Structures are given as structure tokens and as C-alpha cells.
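Here is a short tour of some helices, charged pairs and surface spots in a protein model. Have the coordinates open and follow along.

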Amino acid sequence: MSRQRPTDRAWEDALTTDSRLEREKETEAAADAAPTTRPRWRRVAARAVTVSAFLFVLAALVMPDEFARLTPLAFVRVPIEGVVGVALVLVVPARWRRLAAGTAGAVLGVLTVLKVMDIGFDAVLVRPFDLVLDWPLLRPAVEFVSGSAGPAGAIGAVIVVVLLTAGVVVLMALAAVRLSRVAVRHDRKAAGVAAVLGVTWAVCAAFGVRFVDGVPVASGSAAVLAYDHARAVRTSLNDKKEFAKASAVDAFRNTPNDKLLTGLRDKNVLLAFVESYGRSAVESPQYAPGVDPVLDDGTRRLRAAGFSARSGWLTSPTAGGGSWLAHSTLLSGLWVDNQQRYRTLVNSDRLTLNQAFHRASARTVALMPAITRAWPEGSFYGYDKVYDYRNLGYKGSRFSFATMPDQYTLSFFQRTELARKDHGPVMAETALVSSHAPWASIPRLVPWDAVGDGTVFKDMGKGYDAPWPSGGRMRDEYRKSIEYTLNTLVSYVETYGDDDTVLVFLGDHQPAPLITGAGASRDVPITIVAKDKAVLDKVSGWGWQDGLRPARNSPVWPMSAFRDRFLTAFGG
């Protein structure tokens, strides 16, 4: 008879849910020592761990995935995934419960890491992380930290990120297992709470209740996050094919050389990308009172020197970073908004503006002070000469991320390429990086004949005690950096400009939302400056504003439209 009882009990458990749940509760209770036998401090510690596990899981489930919505009220939500999880824990057989809870916790941990990456990308690049296309961006991110905080800071940051990532996944799995044990031990209370929360979730979903705009109280953010990224993976995998289809169409590929850029023959054209110079710098109440007078004064100064200017707007494919995506978009006439498109482009035979100038018998050069190693893409753009940090000859100090002041870059270009009396027409592209984040140190303008090899800048910018300014000061320093670069460009044209000078300068992208605020557009200003009236007459039909400051209602084009419009306006 004694041998038959386990079998009878097994049949009883299999046939009656109540008996099975009761048996599981007994097993769980046996596994956990009776609380009355524990010291008080251990009971308090156990409860604290349980509460911490609950808050950890809850925060992971309800945390918004957009930087601007990270407010305390955004965490006052009911996660449907938690309600469903409690229900599943109560019905899963005991032998599978630990594995199921641990697996679900680990998955939630991975989703939490992904959500944090989404928040980071939203804060910097104003978009979520792309699981397929964005991994190559991690290297530039490390290089940016290294340039701003030094190699030791970059190594430390990488180690911390790796440890935190592993820690979140492991701790989330342990937290889920612990909470599953608590739910089974108090199954009736857990079931009642889950039922109440389920009804609350349904009511809030039906009436669209929310305490923060865009963040509903009836939360399904973890499930939505997983779904959105799964859908984005499919889109990203098809993106290469879509981009190849777009790049196959090129109206200027077979244009004869003698028909290209005839309106700019014998001109020296400087195309300057001003880092982080976006619409917010010109129109935001926080920056416009400082930046707009610089633009207006620059218009007057250039007019006094015989120059005219026209300005409009372009929409950049990126924001907060990824300058090379904006450069390649403007120069190729294709919308390059991710690293896969960029790699595909630079391995193609697409005609760039640089190549068009080269085919029109101009010498093409690049001045890229932020490039510190070999740059294979230079051959794609069609440069005759690439000047980077290694051969620009700068002897001064660096200014946070910027390896040298913009004034030095322009001075080097002038004396190396344009000061030679026997030079032919030159087309130069440069990236002016003094206005690059983190805006921790900004140079000052010096007399142009004092620039030399840059030793005049050696002690400039000292006294900054941190690689990243505080939030309020950072916004002030951002404004000052834009003012510095704009003043530098105006001063350069005043000092060295002549009848053959054509300056095209534009922003590469808007700065991060920390600077612009939430909801900023991706528009950037673009300006053409020339002394020869015939040059600006070519763009008279564009509807651009006279002067260096574009009007609010000036036309806005996608940056990818500029190449074709420019080649058409100045073609044969």
C-alpha cells in the first residue's frame, strides 16, 4: 500500500489543478525556511531584495524608450506583460517554472539593454538603435569618447558598458525567478492583484489614460519594443536593395566633361561643412539672439567687401552625429541615412560633386582635421589631395574633440593651395569641427598672419576642468562655437576672398536634443557667397534669402537634392 501512494498522489495532482498548485506551494514553502526561524535582519534583507527585484522588473517593463519622455510620471504605468507573466507563473508546472521565469527575465534583460540603446540613440541621433545597421557606429562612438576624454576614458567606458550589459541580463533573470517564487507562495493574492491590474489596464487602454504625452498608462512597451525592432530588422535587410535601385538612376553620370560646371570654370570653390550648425542655432530663442547678429553683421561686412550671399535650408539625413552621412548625401545626391548605405555608396561609381569638379578640370582637395588615420573613402570622392590631421602640420593644442581650430584649417588651405601664383581652379571640401560636441573648449580668432603652424593656439582653451561641460554651460558653449566658426568664415573671405572666390557653407546636422530640445527638425542652413554677380544669378530661381541668414519661409530641400540642383544651375 505504501508503494501505491505516490502514484495515487501523482494521478490526483494531474487530475486536479487545485491539488497540483497546493503541492507546488508545499514544495516552495519547504525550499524556503520558515521566516520565524530566521534572524530579523535576514527577513528584512530578504524583503528588501524582493522589493528591489520587483522595482527592477517594473522599471524595465514601463521605462519609455525616448529620452525626452524619461520623467517620473512616465513610470506610473500598468505593464500588461507583468500581468500576463504572473498568470503564466501560476499555471506553469513547478519543474518548468524556474527555467521559464529565468528565460523570460533574461529576455527582458536583453530588451532592457536594447531600450537603453534606443534612449541613447534618441538622445544623440534622434532615432532608435537599428539592430542590423548600427553596429559599425560603435567604433566612432568609442573614438569620440577617446577624443573628448582620452584613451583611458574610452577604455573605461567600454569596460563599464560591457559589465553593465551582462549585469542587467543576469540580474533580470534572477529577479524574475525570485518574483515567481513569491507569486506561487502567495498565489491567491497574486492572482487577485493580477486580475485587478488586468482590469485597470483594459480601462486605461480603452480611455487612453496618460500622465505624460505619448506615454499611455496601459503599457505594452516591452512587447511593442520587441515587435518594432523585429519589423525594423526586416526593413533594414531590404534597405540595401532599395538603395541600389535608387543609386542606379544618375542623370549626370554620362554628362560630357565640357558640359559640367561651366558656370564655375576658373573659380576657386570652397565647400565647408560647419559641424552641428542647424536650424535651431538660427531660430531657437536660446541661440538666435547670439547667432543671428553674427550672420547679419557678416552680411554687412561681406557686402562692404563686394560680396553677396544667398541662403536657404536643407534637411539632413542625420541629427546629433553621423556627419559623414550628411557629407555623402550632399555630394552624391542620394539619401544616405545609415552605415550600410554609406558603405554601398563609397564602393560604387556614383558621380559626386567632387568628381564633377575634377572632370571640369579643377584640382580637388579635402581638408579633414578630424580624420586621424587612413581614409580609403577619399578615393571614392575623387580628391586629388587629402589633408588630414597627420599632414596638416598643426603644432598647437587640440580643443576637446576638435584636433585644431577652424581658423588654422582655413589658413592652411589658403597658404598651401591658393597662395601659389601658378595654381589653377581649386575645389576644396572641408569639415570645420570647432563646433563639434562636447563644446568643452573653443578657440579665439587671431590675426591671420599670426596663425603660422598653430603654436599661437597652444595655450588657448586651458582652464576647462572637465571633458563635458554641465548642461547649462554646454548650451552656452555650443552657441559660442557656432559664432566662432561663422565669424571665422566671414573673416576668411574678407581677408583672402577675390573675384574668383565662391564659398558654399552649410550645417551637416542639428546637434543632439540636449541642445535643440525635443521635436526639433533636421533642417540645416546653407549659404552661397561670391563676388561675381553671375554666380548668384545662376541660383536666383531657387527662392533663397539674400544674406547669410535664411528666412523662416525659405525653401527646404532634402540634402540629397542639392547635387542635381547645383549641377543643373552651373552646368552647360
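Aspartate 537 and lysine 533 sit four residues apart in helix H19, so about one helical turn separates them. Their side chains meet in a salt bridge, with N to O at 3.0 Å. Keep in mind that this is a predicted model. How covered are the two partners? Lysine 533 has 60% relative accessibility and so counts as exposed, while aspartate 537 has a relative accessible area of 39%, which makes it partly exposed. The cut-off for exposed is over 50%.

Some salt bridges share partners: Asp250, Arg350, Arg563 and Asp564 are joined that way into one network. How many salt bridges are there by this rule? The count comes to 25. Here are three of the pairs.

| Acidic partner | Basic partner | N to O distance |
|---|---|---|
| Aspartate 537 | Lysine 533 | 3.0 Å |
| Aspartate 532 | Lysine 267 | 2.8 Å |
| Aspartate 134 | Arginine 127 | 2.7 Å |

Take the middle row. Aspartate 532 and lysine 267 form a salt bridge with their closest N and O atoms 2.8 Å apart. Aspartate 532 lies in the loop between strand S11 (523–530) and helix H19 (533–537), and lysine 267 in the loop between helix H9 (221–247) and strand S5 (268–274), so this pair ties together parts 265 residues apart in sequence. Lysine 267, at 10% relative accessibility, counts as buried, because the limit for buried is under 20%. Aspartate 532 comes out at 28%, so it counts as partly exposed.

Now the last row. Are arginine 127 and aspartate 134 buried or exposed? Both are buried, and their side chains meet in a salt bridge at 2.7 Å, N to O.

Just before arginine 127 in the numbering you'll find valine 126, which follows helix H5 and has a positive phi, near 60 degrees. Helix H5 itself covers residues 94–125, and its length can be checked with simple arithmetic: at 1.5 Å a residue, its 32 residues should span 46 Å. The C-alpha atoms at its ends are 46 Å apart, so the two values agree.

Finally, a look at the surface. Val51, Phe54 and Leu55 form a nonpolar patch there, with about 290 Å² of accessible area together. Phenylalanine 54 belongs to helix H3, which runs over residues 40–62. With 45% relative accessibility, phenylalanine 54 counts as partly exposed.

Note on methods
This is a predicted model: local features need pLDDT of at least 70, side-chain atom pairs count only at pLDDT 80 or more; totals for chains, interfaces and linings use all residues. Side-chain values use heavy atoms; hydrogens and water are left out. Helices (H or I, at least four residues) and strands (E, at least two) are DSSP runs, numbered from the N terminus. The expected span of a helix is 1.5 Å times one less than its number of residues. Patches are made of residues with over 30% relative accessible area and no salt bridge: like charges are joined within 9 Å, nonpolar side chains (Val, Leu, Ile, Met, Phe, Trp, Tyr) within 5 Å. Accessible areas come from the Shrake-Rupley method with a 1.4 Å probe; for residues, only the protein chains shown count as cover. A salt bridge is a side-chain nitrogen of Lys or Arg within 4 Å of a carboxyl oxygen of Asp or Glu. Buried means under 20% relative accessible area, exposed over 50%, partly exposed in between (1.4 Å probe, protein chains only).
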